[in-house]
Amino acid sequence: MAPQLTGAPGSAAAGGGAAAVKPQFHHYHHHRLPPRHHHPAPASLLSKLAFWSVCSLSLLLAFLLLSPSSAPAPRAVPDSPRRSLHAAHESTASWGGAAWEKKVRASARVRRPRGHSVLVTGAAGFVGCHAAAALRRRGDGVLGLDNFNDYYDTALKRGRAALLARSGVYVVDGDIADPELLAKLFDVVPFTHVLHLAAQAGVRHALVDPMSYVRANVAGLVALLEAARSANPQPAIVWASSSSVYGLNSHVPFSEHDRTDRPASLYAATKKAGEEIAHVYNHIYGLSLTALRFFTVYGPWGRPDMAYFFFTRDILAGRPITVYESAGGGSHQTTISRDFTYIDDIVKGCVAALDTAGRSTGSGGKKRGPAPFRTYNLGNTSPVPVTQLVDLLEKLLKVKAVRKAVKMPRNGDVPYTHANVSLAQRELGYRPSTDLQTGLKKFVRWYLEYYHPDLAEKQKRHAGSNGKGSRGRRGSLSSAR
Ligand SMILES: O=C(O)[C@H]1O[C@H](OP(=O)(O)OP(=O)(O)OC[C@H]2O[C@@H](n3ccc(=O)[nH]c3=O)[C@H](O)[C@@H]2O)[C@H](O)[C@@H](O)[C@H]1O
């Protein structure tokens, strides 16, 4: 039975709990202070002094109790659920306790011979939820981890997690930057692999909130690698880097041998930093590490901050869309293009990377021999101009877009991406098979069913009367069927 996913936006507001303990003394203080020249009787003065001392002490106590750094939690197994209160994302989620551990173990239990036990970080994210579902479908043990932050609509993230829950994948509500939680997870489950997809994504948003990129993509990655290198056994790690590391590289198609030292955005710089950090952990601790450079991934259950997604929303609402049309000063390209890659192709690449990842060699925090260190492009190999993306959306939505063509601003975007995937093809058997038109059709069908079920129904009836009927798949993560 398909879940109803069109409800109100999620209520999991990050950091909302702090307001409840904020002292509201300002007005009280102001109104009750005695007049300046009034001399109260000694007894009354003493009782006032006592009253304010108690207030100050309570405030100090409340501050100390709620401050994460002042109350380091012990590494011991907590009997009752614990609240995560970490600076990177003030998750109000609780974890720990016997019932929680049972759920964690059940989710990570392998159900096929020689299957993997995989921790998927960012499991309530776009790629994370599809990858977790695919691994679970073939019988791998899968545990999700996600902090459900509000970078975009948390209801969408909760919806993805709800679907995963139905297929037996539990998504722990917690942060990758929470070392105690990570240590606990590795204590409870001897993960063979980590698919690390939790990150602060989005190229342009880095102009707005640069520190969120440093926290998630640098500090968060280090926290995860620290936990993995101390784990016994050490897992093999496959993680999401980005096509954006190629930055101002003008040699096309982009190959893994090309320069990646000229990023155009802070997002790209943090992903590039991640690749270097990963090398350190491979070199010192013998962790098996594979970086996958994703090229503009799109599809059902996608990210609302990406152009194909918000273009769809705005076209349907009759709002103008801004289409970047020329690079202005680029050496060889004038058309802004992307190597748009369909989610199912990316998931196949992730699964193949997990299957082919050699083992980590360290134990007890020490390297015992060389471990694999790999980097692969996962793209589609056929760039499409953004103007053509809009043409396709107009056709599929049957609505004309109100286009505002502008020269690409200097906002971190690069003019052009194009993947050379021959290395992934050779070593992972990666062969992208979905062109943009086919993939967008699947995205649009999902989008309408999720956000505009009436419109979806109308389109279906129309297609049915033309002999092209399709069965609704609302609430399903298997987008390829
Ligand atoms: O491959 C990656 O590593 C990255 O892919 C994605 O970034 P991008 O390729 O930039 O995708 P996206 O924002 O959808 O813009 C698509 C096109 O629309 C153009 N664009 C964008 C906005 C706008 O208003 N107008 C416009 O023309 C824009 O100039 C661009 O040409 C992920 O978001 C990122 O997290 C990272 O994973």
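Here is a friendly conversation about a predicted model and the terms used to describe it.

Reader: Why is lysine 271 called buried?

Author: Lysine 271 has a relative accessibility of 5%. Buried means under 20%, so lysine 271 counts as buried. You will find lysine 271 in helix 8, which covers residues 266-285.

Reader: Why is valine 214 called partly exposed?

Author: Its relative accessibility is 31%. Partly exposed is the range between the buried limit of 20% and the exposed limit of 50%, so valine 214 counts as partly exposed. Valine 214 sits in helix 7, residues 210-230.

Reader: What makes Met211, Val214 and Leu266 a nonpolar patch on the surface?

Author: Residues of a patch need over 30% relative accessible area and no salt bridge, and nonpolar side chains are joined within 5 Å. Met211, Val214 and Leu266 form such a patch, and together they have about 230 Å² of accessible area. For Val214, you can check the first condition yourself, because its value is 31%.

Reader: How do you know that helix 6 is largely enclosed by the rest of the structure?

Author: Of the 10 residues in helix 6 (residues 179-188), 7 are buried, so the helix is largely enclosed. The buried ones are Leu181, Leu182, Ala183, Lys184, Leu185, Phe186 and Val188.

Reader: What caps the N-terminal end of helix 6?

Author: Aspartate 178 does: one of its side-chain oxygens lies 3.2 Å from the backbone nitrogen of glutamate 180. A polar contact needs a distance within 3.5 Å, and this pair is at 3.2 Å.

Reader: What makes the pair between arginine 338 and the ligand a polar contact?

Author: A polar side-chain atom of arginine 338 lies 2.7 Å from an oxygen atom of the ligand. The cut-off is 3.5 Å for a pair of N or O atoms, so this pair qualifies. Arginine 303 has a polar side-chain atom 2.9 Å from a ligand oxygen, and for tyrosine 267 the distance is 3.3 Å.

Reader: How much of the ligand does the protein cover?

Author: The ligand has 700 Å² of accessible area on its own, and the protein covers 94% of that.

Reader: Which elements give two or more residues to the shell around the ligand?

Author: They are helix 9 (307-317) and strand 10 (320-324). The ligand is surrounded by 23 residues, with Arg204, Ser242, Ser243, Thr322 and Arg338 the closest.

Reader: How do the residues of that shell divide by type?

Author: The shell holds 13 nonpolar, 6 polar and 4 charged residues.

Terms used
Residues numbered from 1 in each chain as written. Predicted model: local features only at pLDDT ≥ 70, side-chain atom pairs only at ≥ 80, totals over all residues. Heavy atoms only, no water. Near = heavy atom within 4 Å. Polar contact = N/O pair within 3.5 Å; in protein donor to acceptor, adjacent residues only side chain to side chain. Areas by Shrake-Rupley, 256 points an atom, 1.4 Å probe, with all protein chains shown as cover. Helix = DSSP H or I, 4+ residues; strand = E, 2+ residues; numbered from the N terminus. Nonpolar A, V, L, I, M, F, W, Y, C, P; charged D, E, K, R; others polar. Patch = residues over 30% accessible without salt bridge, like charges linked within 9 Å, V, L, I, M, F, W, Y side chains within 5 Å. Salt bridge = Lys/Arg side-chain N within 4 Å of Asp/Glu carboxyl O. Buried < 20%, exposed > 50% of the residue type's maximum accessible area, 1.4 Å probe, protein only.
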